[in-house]
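Trainee: Before we rely on any labels, could we go through what justifies each of them?
Mentor: Let us take the labels one at a time and set each value against its cut-off.

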Amino acid sequence: MNDNPRAALREQAEFAFQRGVQAADPKRATSAAIHAHFDPNRVAGDLYILAFGKAAVGMAQAALEALGPFEPRRVLAITNYENDTQCDGIEILAAAHPVPDAKGAEAALCAEDMLRDAKDGDVILALVSGGASALLPAPIDGVSLADKIKVNELLLGSGLDIGSMNIVRQSLSRTKGGGLLATAAPARVISFVLSDVLGDDMRLVGSGPTLSRAGTSDDAREILQSAGVWEQCPSSVRDALLTPKPLEGQPEPEAHLIGSNGLSLSAMAAALNADISPNPLEGDVQEAAERVVGEALRLPAGKALAFGGETTVVLKGSGRGGRNQELALRVAQEAERRGMPGAWVFLSGGTDGRDGPTDAAGGVVDDQTLARLAKQDLSLSDFLDQNDSYKALEASGDLLITGATGTNVADLQIFLRAE
């Protein structure tokens, strides 16, 4: 069999993935939400716009356009370096993701200062998207930025899901878990949320700075203990979680969900008339790969199956990659082990265009991926043992490179079988 069927399948997979990403377009979602839920003529005082997350710039632009002649007093957008695009009328601060840096700490202070300026009668439009957990590091008293970075690195390598990680982050931050909502009081805060969290619990998107806490300090401690990283945490972090200082007098949050993984999954599936797997693809990446192949084996030839979700990887090696890249490779390995017949293609990508600390969104593998590695005397198992998925996919020609997309609604996957 020549490569033509695979080439066609790969084009279809990437086309469908892009349709899914486009469905989470932050500008379109924000504009529609503001027209539906906000009337600037009813603002008694000043209007502020605070956008934070990977989609912050696009959301802030859409908000300004939707407001028309109504001019906010200040517009501040905090995003990751890859999405730093200067725009008229918007003050943009960029910081590191997924591991926080000093620029993020400066951005958090700037956001706090802006909200403290707001007074009774003022309104803050909070435009929230995924990624804000790393972009707004504001450690509580007694915990340093270096300590928070250490905890974040432990979380990223622990195999925990995003919800559990963000409960820990909320307990160690001034801004997260409603911290910015409390800072803005008595001004009114209206949040528009583009969700990258499965189940769309808005308190967990970006760790919920303008929402509320999703768990307690006791919950955070138990999460770290169950993941086996409690003893590796800095002593300042352990002390803080053993002597929590809960937020007091926090206002009731007001929020609207404007985009999600489910909406993007539906758009991706519609592009190819694909079936949608009934449950999100989450949990350990190897177990997820086994599930993908198991469901794909029941898929008729010429059909496609779409997934949405966010898997987890326990880091054991010193390689470079991300959960989507590793999932793609493990699917290729599992498909060969279980004798998947015919030509097939599997794509797994992050809707933000960045998978882990790499420039790839994920991977697009097929039934010849392992053979291409073998021709170079390369062992996939050796790469996986080191969590070195980027180098493996680079060698097999299977990296998915899209560039930063300006949005973030978790991950999308699609499996296609040739006729």
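**From values to labels**

Mentor: The charged end of arginine 320 sits over the ring of tyrosine 390, 4.5 Å from the ring's centre. Keep in mind throughout that this is a predicted model.

Trainee: What makes the distance for arginine 320 and tyrosine 390 acceptable?

Mentor: The cut-off for CZ of Arg is within 6 Å of the ring centre, and the value here is 4.5 Å, so the distance part of the rule is met.

Trainee: Why are the rings of tryptophan 344 and phenylalanine 415 called a pair, and is that pair stacked or tilted?

Mentor: There are two aromatic pairs by the rule applied. In this one, the centres of tryptophan 344 and phenylalanine 415 lie 5.3 Å apart with the planes at 20°; because centres within 6.5 Å make a pair and planes under 30 degrees apart count as stacked, the pair is stacked. Tryptophan 344 belongs to strand S10 (residues 344-350) and phenylalanine 415 to strand S13 (residues 411-417), so the pair ties together parts that are 71 residues apart in sequence.

Trainee: How do you know whether tryptophan 344 is buried or exposed?

Mentor: Buried means under 20% relative accessible area; tryptophan 344 has 3% and therefore counts as buried, while phenylalanine 415, at 0%, is buried as well.

Trainee: What makes the pair of phenylalanine 346 and phenylalanine 415 tilted?

Mentor: Their planes stand at 40° and their centres are 6.1 Å apart; since stacked requires planes under 30 degrees apart and edge-to-face over 60, the pair is tilted. Phenylalanine 346 is in strand S10 and phenylalanine 415 in strand S13, so here the parts tied together are 69 residues apart in sequence. Phenylalanine 346 is buried, its relative accessible area being 0%, and ring pairs link Trp344, Phe346 and Phe415 into a cluster.

Trainee: Why is the contact of arginine 174 with glutamate 112 called a salt bridge?

Mentor: The distance from N to O is 2.7 Å, which falls within the 4 Å cut-off, so the pair qualifies. Arginine 174 lies in the loop between helix H7 (162-171) and helix H8 (179-184), whereas glutamate 112 lies in helix H4, so the bridge ties together parts that are 62 residues apart in sequence. Arginine 174 is partly exposed, with a relative accessible area of 31%, but glutamate 112 is buried at 3%.

Trainee: What separates arginine 337 from glutamate 334 along helix H13?

Mentor: Being three residues apart in helix H13 (residues 323-337), they are separated by about one helical turn, and their side chains meet in a salt bridge of 2.6 Å, N to O. Arginine 337 is exposed because its relative accessible area of 62% is over 50%, while glutamate 334, at 5%, counts as buried. The count by this rule comes to 23 salt bridges, and Arg10, Asp366, Arg372 and Asp398 are linked in a network of them.

Trainee: Which residues have the most contacts inside the largest nonpolar core?

Mentor: That core has 49 residues, and those with the most contacts inside it are Leu50, Phe52, Ile78, Ile124, Val168 and Leu224. Helix H4 (residues 102-117) gives the most to this core, with six residues. A second, separate core of 30 residues includes Ala29, Ala55, Ile92 and Leu127.

Methods. Residues are numbered from 1 along each chain as its sequence is written. This is a predicted model: local features need pLDDT of at least 70, side-chain atom pairs count only at pLDDT 80 or more; totals for chains, interfaces and linings use all residues. Side-chain values use heavy atoms; hydrogens and water are left out. A nonpolar core is a set of buried Ala, Val, Leu, Ile, Met, Phe, Trp, Tyr and Cys residues joined through side-chain atoms within 4.5 Å. Buried means under 20% relative accessible area, exposed over 50%, partly exposed in between (1.4 Å probe, protein chains only). Helices (H or I, at least four residues) and strands (E, at least two) are DSSP runs, numbered from the N terminus. Rings of Phe, Tyr and Trp (its six-membered ring) pair if their centres lie within 6.5 Å; planes under 30 degrees apart count as stacked, over 60 as edge-to-face and the rest as tilted. A charge sits over a ring if NZ of Lys or CZ of Arg is within 6 Å of the ring centre and within 35 degrees of the ring normal.
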